[in-house]
Amino acid sequence: MIFPCFACDAEVSPAKAPSISETCSYYLINGIIMPLVLVSGYPSSGKTYRSNQLRDFFNEKITASKDPRVSRLKVHHINDQTLGVSRDVYHTARAEKDARAEEYSAVKRALSRDGIVIADGMNYIKGFRYQLYCEAKALQTPNCVVHVGTPIKKCREINARLLTDKEIDGGYVEEDFENLIFRYEEPNGMSRWDSPLFTVLDEDETPPFEKIWEAIVGSDGKAKVVRPNQATVLKPATEQNYLYELDKTTSDVLSQILAWQKDHVGEEGGEIAIPDIEKPIELPASPMTLPQLQRIRRQFITLNRQHSLSKSRIKDLFVDYLNDQFLQ
């Protein structure tokens, strides 16, 4: 039997080895869900402890369920320990980047099966969380972020205690610990990729289990339905001169922002109407510098370099991305 892919409209057969397109149609038609739970927090904040609580709860729910779409789920817990990644990788930027790539690949592989994926890595960079969000959205599977809100002082005490216990490989050397604390980008529920956001405080005995389950799996026999958008759907072929258009279009938008700020010195915030775009750019209260804008632009290009967006959609999506970043 041939099915149309909900993501790219290609006609595919689940009997074949699934491509990205085939995976989309196969899992959706058979009612299989592959939710992603992204756990984020400071180093030594108790992310793995909270992840184990979630894993145990999910397994209990799956075992007790009489719903066939739920009872076939499996829980996949992915973190540095399961991947065999040493905490020494945080000594250098290159090793840390490789470790993130390994986590990203592991999560991406797990999302292609019928299971709940608990990604319990550092996940402190919002750009990395956005990448994982895009993977989940492209497969039309629900996702959420669980923020372990342990205070820095408590994390520092826990880390020091872990370092003194030679039998437990659970602490970060002081320099790496302080560096990771400094660079941590806290999840923001106003951002699409950090929503829905569940914060677990240090004094909470357990995460909000039922609310998280409802967000990623649903209840009353109704599965969560996630629709892909143009920013997360991989197209079968890249349009001609796509990378050139990606670079030129984003650069033109930045030029319009800088020109507007130059003509409106001293004004706080403001909206910039962009030709051919319905939604305006909503500037933050403080003027944006060229380095700040270039950094956001590079992030957008990096995240969408392989997505093969329609050239007609680049400007619209970049404006959305800018507005999201300006809210941070």
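Among contacts in the protein between residues at least 6 apart in sequence, what percentage join residues at least 24 apart? In this model, which is a predicted one, the figure is 74%, and I would like to keep that number in mind while we go through the helices, the salt bridges and the empty spaces.

Let me begin with the overall composition. The protein has 328 residues, of which 47% are buried, and its secondary structure comes to 12 helices and 9 strands. As one example of a pair that is separated along the chain, take Lys137 and Leu36, which are 101 residues apart in sequence, with 9.9 Å between their C-alpha atoms. Lys137 belongs to helix α6, which covers residues 126–138, and with a relative accessible area of 13% Lys137 is buried.

I turn next to helix α9. Which residues of α9 are buried? They are Phe209, Ile212, Trp213, Ala215 and Ile216, and because they cover an arc of only 160 degrees around the axis, they sit on the same side of α9. The cover over these buried residues includes the strands β3 (36–41), β5 (115–120), β6 (143–149) and β7, together with the helices α2 and α3 (68–71). Just after α9 comes Gly218, whose phi is positive, at about 90 degrees.

That same helix brings us to the salt bridges. In general, side chains of opposite charge can pair when their charged atoms come close. For this protein the count comes to 14 salt bridges. One of them is between the side chains of Lys61 and Glu210, with 3.6 Å from N to O. Lys61 lies in helix α2 and Glu210 in helix α9, which spans residues 209–216, so this pair ties together parts that are 149 residues apart in sequence. As for their surroundings, Lys61 is partly exposed, at a relative accessible area of 26%, and Glu210 is also counted as partly exposed, at 46%.

Another salt bridge joins Asp324 and Arg192, and here the closest N and O atoms are 2.5 Å apart. Why does this pair tie together parts that are 132 residues apart in sequence? The reason is that Asp324 lies in helix α12 (residues 314–326), whereas Arg192 lies in the loop between α8 (174–183) and β7 (197–201). With a relative accessible area of 10%, Asp324 is buried, while Arg192, at 35%, is partly exposed.

There is also a salt bridge between the side chains of Asp316 and Arg313, at 2.5 Å from N to O, and in that pair Arg313 is partly exposed, with 27% relative accessibility. Finally on this topic, Glu96, Arg100 and Arg183 are joined into one network by salt bridges that share partners.

Two residues of that network return in the last part, on empty space. Rolling a probe the size of a water molecule over the atoms shows where empty space is left. How many cavities of 30 Å³ or more does a search of the whole structure find? The search finds 1, and the volume of the largest cavity is about 90 Å³. Glu96 and Arg100 are both among its lining residues, which also include Asp80, Tyr90, Ala99, Glu103, Met122, Asn123, Tyr124, Ile125 and Phe128. Helix α5, residues 93–110, gives the most to this lining, with 4 residues. Taken by class, the lining of the largest cavity holds 6 nonpolar residues, 1 polar residue and 4 charged residues.

The second largest pocket, by comparison, holds about 340 Å³ of space. It is lined by 18 residues, and those closest to its centre are Ser44, Lys47, Thr48, Arg87 and Gly170. Three elements give two or more residues to this lining, namely α2 (47–64), α4 (80–83) and α7 (152–164), and of these α2 gives the most, with 3 residues. By class, the lining of the second largest pocket divides into 6 nonpolar, 8 polar and 4 charged residues.

To close, I would point back to helix α2, which has come up in three places: α2 is part of what covers the buried residues of α9, α2 carries the Lys61 that pairs with Glu210, and α2 gives the most residues to the lining of the second largest pocket.

Notes
Residues numbered from 1 in each chain as written. Predicted model: local features only at pLDDT ≥ 70, side-chain atom pairs only at ≥ 80, totals over all residues. Heavy atoms only, no water. 1 Å grid on protein atoms, 1.4 Å probe; cavity = no way out; pocket = protein on both sides within 12 Å on 5 of 7 lines; lining within 4 Å. Points joined across faces, edges and corners; volume = space filled by probe spheres on them. Nonpolar A, V, L, I, M, F, W, Y, C, P; charged D, E, K, R; others polar. Salt bridge = Lys/Arg side-chain N within 4 Å of Asp/Glu carboxyl O. Buried < 20%, exposed > 50% of the residue type's maximum accessible area, 1.4 Å probe, protein only. Arc of directions from axis to C-beta. Contact = heavy atoms within 4.5 Å.
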